[in-house]
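Trainee: I should like to learn how to read the features of a structural model in an orderly way. May we work through one together?

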Amino acid sequence: PRAVRWHRDPGPAAGAFRVLIVGAGLAGLCMGIRLRQMGIPFTILEKNAAVGGTWLENRYPGCAVDTPNHFFSYSFEPNNRWTRHFSGRAEIHRYIEDGFDKYDIRRHVRFGVEVTRTAWDEARARWQVTIRDGEGAEETLSCNALVTAVGQLNRPAIPAIPGLDDFRGPVFHTARWDSSVELKGKRVAMIGTGASAMQAGPSIAPEVAKLIVFQRTPHWAMHNPNYHKEVSAGNLWCLEHVPYFGKWLRFQLFWAGSDGFHASLQKDPDWPHPGISLNEANHKMRELITDYVRKELEGDEALLAKVIPDYPPYGKRMLRDNHWYRMLKRPNVELETGAIERVTPDAITMRDGSVHPVDVIILATGFQASRMLAPVDIVGRGGRSIRQAWGEDDPRAYLGITAPGFPNLFMIYGPNTNLAHGGSIIFHHECQVRYICQALREMIEQGYASLEVRQEVHDAYNHLLDETCARMVWTHPGVTSWYKNARNRVTVTSPWRLLDYWKLTRHFVPEDFRAARPGQAPA
Ligand code: N01
């Protein structure tokens, strides 16, 4: 197929084209940088007063990245000065701020405006985008192409636990951390044991009087010797002075730290222990982690039995041990594995009748990932909304980027693009941005008013995707996670290796799309 390249100025017609990007996080910044390089005018709409997206909003103690930083950064903007292999929130946020400044993107951002509705205007072949500011004033903007860069994990999931609203003390979600609440000397309940709890729990345990961790299902967490290490002086020197050292490090993290694990996530139909593992590599991982946790728990077999999952490793997102198991051994920490019955004004009551009196409740309960792009009302061709196309929680798109019925709409970190075998979501962002840029360039150069993925191309891709997910660990019986919707379909996570997705998105193929010039019907 004819390859379309993005990294060439598409000519003077680009100046009359207009793109709106929703979200000023890592994905929105990447899109902005490339559009600026292509000479395509754009505006980034951001609901917050500052850039950073998830790295602005998540401020819980211990918040850090758990993907190695030398990979969790743009390929074109390596940071040789990361102080840690897994940097804290503040350092990552600074990296994003620096990107907005260095590439002069900040002046393209409209802060404090939320996109509430966007509708495809067939006659004009433009998106009409309604925004609302903090005062409630509405305005409608118009663009040729709309790019969503809002992430998947930005709407906290608040559990429907009876009585939660009646609790007298503070209750807050990890992504809405209330730093005005003094935790020192308090009895704190933390509900949930995912990636957020893994970081927040060990950070607050030393100061609280008591921490009760409510675990509904255990998660796998692997040993990660570099988690707390600073980047050594030798490494810093090599990164600055040795040609290609940074590229080699990045490649090593890409391959050995992510795609190298991919095979261990796939079901082997002949595997003799299908309940607890999937294949030889997966079983080996189970044994390695179990041995490691046993040591961390100082041989406490009763506790070990509570924290080692009965499903195969990688069934839920693999965590990196942040001294979680050592935290569980602290005298002021208790692990509760029973079912929560209700919350009363000053306690959490369990189904077995036991009562935990607490002063503060922290909800480390994750996000509504499958309700992708909610709450924006996106209305496509023929007045059909994206919620009608996807239902409440069944998003689908071609390559996770574009969906039939929604011309000129492109998603970054859309359906089935989350990474679950390691790897950096920024790598995926770059693949998606490159693909979108090629699509925009094709539109501008060919004079197309609209571009819409063909239904059959979209359907064939999703059919293959569903088939592939069915062979992956996340659909193992009994495994629950935010990767799936209420009907057990994997909606957010990608089954491909990074290398595969890079190949899939490397070239925009015009034949996969229906295109229309102004005033013409799509063909
Ligand atoms: O959320 P989660 P998260 N009663 O959905 C439990 C990224 N991230 O915020 O497993 C009791 O993983 C739920 O229990 P169960 C990363 O991609 C990255 O921790 O459903 N418990 C689970 O234990 C990550 O995967 C970083 O049985 C309830 C927990 O709450 C994603 O964000 C850091 C419950 C939710 O875990 C989400 O992680 C943080 C209920 N009613 C996050 N409802 C880094 O890069 C839910 N739970 C480091």
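**Reading contacts, sheets and a ligand shell**

Mentor: Let us begin with one residue: leaving aside residues up to four places away in sequence, Ile401 touches Phe410, Met411, Gly414, Gln432, Tyr435 and Ile436. Please bear in mind that this is a predicted model.

Trainee: Where does Ile401 lie relative to helix 10 and strand 19?

Mentor: Ile401 belongs to the loop between helix 10 (386-390) and strand 19.

Trainee: Is Ile401 buried or exposed?

Mentor: The general idea is to count neighbours: a residue is classed as buried if 20 or more other C-beta atoms lie within 10 Å of its own. Ile401 has 24 other C-beta atoms within 10 Å and is therefore buried.

Trainee: How far apart are Ile401 and Pro162 in sequence and in space?

Mentor: They are separated by 239 residues in sequence, and their C-alpha atoms are 38 Å apart in space.

Trainee: Let us turn to the sheets. In what order do the strands of the open sheet containing strand 19 run?

Mentor: For a sheet, one reads the strand order and the sense of pairing. Here five strands form an open sheet in the order 3-2-1-7-19, with parallel pairing. Strand 3 (109-111) and strand 19 (409-411) are at the edges; each has a single partner strand, so one side of each lacks a neighbour in the sheet. From one strand to the next, the twist averages 20 degrees.

Trainee: How many bridges join strand 7 to strand 19?

Mentor: Strand 7 (residues 145-148) is joined to strand 19 by three bridges, and the two run parallel. As an individual case, Leu146 has Leu409 of strand 19 as its bridge partner.

Trainee: Which strands form the open sheet that includes strand 17?

Mentor: That open sheet consists of five strands in the order 8-17-9-10-13, and its pairing is parallel. Strand 8 (171-173) and strand 13 (333-336) stand at its edges with a single partner strand each, so one side of each is left without a neighbour in the sheet. The twist in this sheet averages 20 degrees from one strand to the next. Within it, four bridges pair strand 9 (residues 187-191) with strand 17 (residues 360-363) in the parallel sense; Val188 has Val360 of strand 17 as its bridge partner.

Trainee: Finally, how many residues surround the ligand, and which are the closest?

Mentor: A ligand shell is read by its members, their origin and their chemical character. The ligand is surrounded by 25 residues, of which Pro159, Gly192, Gly194, Thr217 and Gly366 are the closest. Helix 4 (residues 195-204) contributes the most to this shell, with four residues. By character, the shell comprises 13 nonpolar, nine polar and three charged residues.

Note on methods:
Residues numbered from 1 in each chain as written. Predicted model: local features only at pLDDT ≥ 70, side-chain atom pairs only at ≥ 80, totals over all residues. Near = placed C-beta within 6 Å. Nonpolar A, V, L, I, M, F, W, Y, C, P; charged D, E, K, R; others polar. Pairing = 2+ DSSP bridges. Axes fitted to C-alpha atoms, helices over the stretch in contact; angles between N-to-C directions. Buried ≥ 20, exposed ≤ 12 C-beta atoms within 10 Å, placed from the backbone. Contact = placed C-beta atoms within 7 Å.
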